[in-house]
Amino acid sequence: MRAAILALAALLACTRLGGARGDDDDEREVRVAGEPMTDEQRARLLDHARAGGLLWWRLPGAEGPRCEAWRLVPDPADPERGRLLFVADPAPADLSSGPEGHAPEDTIEDQAEPAPSASSSGPSNAAPSAVLAAPVPSTRPILAAPAASASSLLALAAWPLLPAPDPPAPSDSPALVPALGSPTLQLAYRLAEGHLTLTAPELERPVDAPPGEQKALGHALTCVFTGVSLTGPAGTPGRLILAARERFFFSEAACKEAGFADDSPGPDELRTVGCAGALADPATRARLERPPAEDAANAAPRLHHARALHHLRRGSDGVLVCDVWRNRPERAAGHGRLEHRGRDERGRFVRSYAYDVGPGYLTLQGPAEYRRLRVDGRPTDVVRASSCLVTRGVLAVGPTAIDLGGGERWYLSRRACDEARIAGAAAPLAATPLLVSGCE
């Protein structure tokens, strides 16, 4: 099959990453949208990593873009892979030297085998599940992978798996990791055919230990690649095009002075592939580092039994609309998926968010969007997915609605939403149903 992304295909400069993959004789070609780094950039990155240097991540903020420092910690056995560690407050002396403290890697408690991937229950021509799971210790990943449903032809197509990077090999030399005294955010990195790939987002939190010992507990986040997946009729090859979206820089000055993301990257800029977006939301990080009080309002019991949620929004024409979201809870309360079916100028679509809810918070992962289009005269499934996590505070849980931070309200019945619509209740202005702008 000659797959294409409609008019967008001609604009993508694609390079191979890992070549074609086959599962059950169904080939999938994996590509990256964007040019690979130059030989000079690759050599510079390896030298920067050996020196324990920093990369600066450009992120959106309430008052404009902000730049965060992340330290490169290469694997002693393989300089092309390692870890990126978040540096909360880099001092001037920290810009070129490694951190002073460290902890032996064998002090991490309850290290477990990588979690198995979720398998798709969708149609036979759908791709297998697309979640890259980091090694999961005794804590549960905060979000489960969006599972496909076999009950409809519009079930979400899942993602093909890419191999997760192996953990760094043990070494007799001290590891460049911060002293255990505060939570640590980290990503695994790997150079693959000219692209810097970031996977395995994880929070490591210190735990009580006997005097003279240090222990920490890891909390792995679900890893979903941002990109577009295309599958054709049964038996035809599929194509996965990954979006090189996150922007890292060799210096803070280059990060602060960078232009728009659509501009061609300069020599100090690296476009990364993977799921760094899972750590992009400040509210999600705050919730992981400082969990809300146990007695805070908890929507988990109500969501576990709700068949649907109704979201009130004001369209671009000023008319209030109640959008229905089908709720697909997991067996364990607090995790599930919201699914909305609609139609726009491009035709029918299914939009989905995975969610994690607990005392005082609700975290959304996504969105994933599924469409069935005709490409080269053939019906083709097109799936767009984002690795973003966005957290909202849960302020109150009532008999008819759940109140979230920012003045947002989710109604538990169509009647309650219609009554609010007729009364002219306050609602966010949005042209499309519950499209979180920070996740696009």
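Here are some friendly notes on strand E3, the disulfides and the aromatic contacts of this predicted model.

1. **Strand E3 and its cover.** Strand E3 covers residues 54–59, and 6 of its 6 residues are buried. Leu54, Trp56 and Arg58 point one way from the strand, while Leu55, Trp57 and Leu59 point the other way. In a regular strand, side chains alternate between the two faces of the sheet. Please note Arg58 when you look here: this arginine is buried along with the others.

2. **The neighbour on the hairpin side.** E3 pairs with strand E4 (residues 66–75) in the antiparallel sense, over 6 bridges. If you want a place to start tracing this pairing, take Leu59, whose bridge partner in E4 is Arg66. The two strands form a hairpin with 6 residues between them. Within that turn, Gly64 has a positive phi of about 115°.

3. **A second partner for E3.** Which other strand pairs with E3 over 2 bridges? It is E14 (residues 246–249), again in the antiparallel sense. Here Trp57 has Phe248 as its bridge partner. Both Trp57 and Phe248 come back in the ring cluster described further down.

4. **Disulfides as a set.** The model holds 3 disulfides. Counting the bonded cysteines along the chain, the pattern is 1-3, 2-4, 5-6. A disulfide is a covalent bond between the sulfur atoms of two cysteines. The next three points take the pairs in turn.

5. **Cys67 and Cys255.** The sulfur atoms of this disulfide are 2.1 Å apart. Cys67 lies in strand E4 and Cys255 in helix H2 (residues 252–256), so the bond ties together parts that are 188 residues apart in sequence. The torsion about the S-S bond is about -100°, so this disulfide is left-handed. Both cysteines are buried. The strand that holds Cys67 is also the hairpin partner of E3.

6. **Cys223 and Cys275.** A disulfide joins these two residues, with an S to S distance of 2.0 Å. Cys223 is in strand E11 (residues 222–223), whereas Cys275 is in the loop between strand E15 (269–274) and helix H3 (282–289), so the pair ties together parts 52 residues apart in sequence. The link is left-handed, with -90° about the S-S bond. Are these cysteines buried or exposed? Cys223 has 0% relative accessibility and counts as buried, and Cys275, at 0% as well, counts as buried too.

7. **Cys322 and Cys417.** This disulfide has an S to S distance of 2.1 Å. Since Cys322 lies in strand E17 (residues 320–329) and Cys417 in helix H5 (residues 414–422), the pair ties together parts that are 95 residues apart in sequence. With a torsion of about -105° about the S-S bond, the disulfide is left-handed. Cys322 and Cys417 are both buried.

8. **One more cysteine to look at.** Cys388 has a relative accessible area of 3%. Buried means under 20%, so Cys388 counts as buried.

9. **Aromatic pairs.** A search of the whole structure finds 4 aromatic pairs. One of them joins Trp57 and Trp70 edge-to-face, at 5.8 Å centre to centre and with 70° between the planes. Trp57 lies in E3 and Trp70 in E4, so this pair ties together parts 13 residues apart in sequence. Both tryptophans are buried. Trp70 also pairs with Phe86 in a tilted arrangement, 5.5 Å centre to centre with 50° between the planes. That contact links strand E4 to strand E5 (residues 78–87), with 16 residues separating Trp70 and Phe86.

10. **The ring cluster.** Which residues do ring pairs link into a cluster? They are Trp57, Trp70, Phe86 and Phe248. Within this group, Trp70 has 0% relative accessibility and counts as buried, whereas Phe86, at 22%, counts as partly exposed.

11. **Charges over rings.** Phe86 has a further contact: Arg285 lies over the face of its ring, at 5.1 Å from the ring centre. Elsewhere, the charged end of Arg44 sits over the ring of Phe250, 4.1 Å from its centre.

Key
Residues numbered from 1 in each chain as written. Predicted model: local features only at pLDDT ≥ 70, side-chain atom pairs only at ≥ 80, totals over all residues. Heavy atoms only, no water. Buried < 20%, exposed > 50% of the residue type's maximum accessible area, 1.4 Å probe, protein only. Helix = DSSP H or I, 4+ residues; strand = E, 2+ residues; numbered from the N terminus. Pairing = 2+ DSSP bridges. Disulfide = S-S within 2.5 Å. Phe/Tyr/Trp six-rings, centres within 6.5 Å; stacked < 30°, edge-to-face > 60°. Lys NZ or Arg CZ within 6 Å of the ring centre and 35° of its normal.
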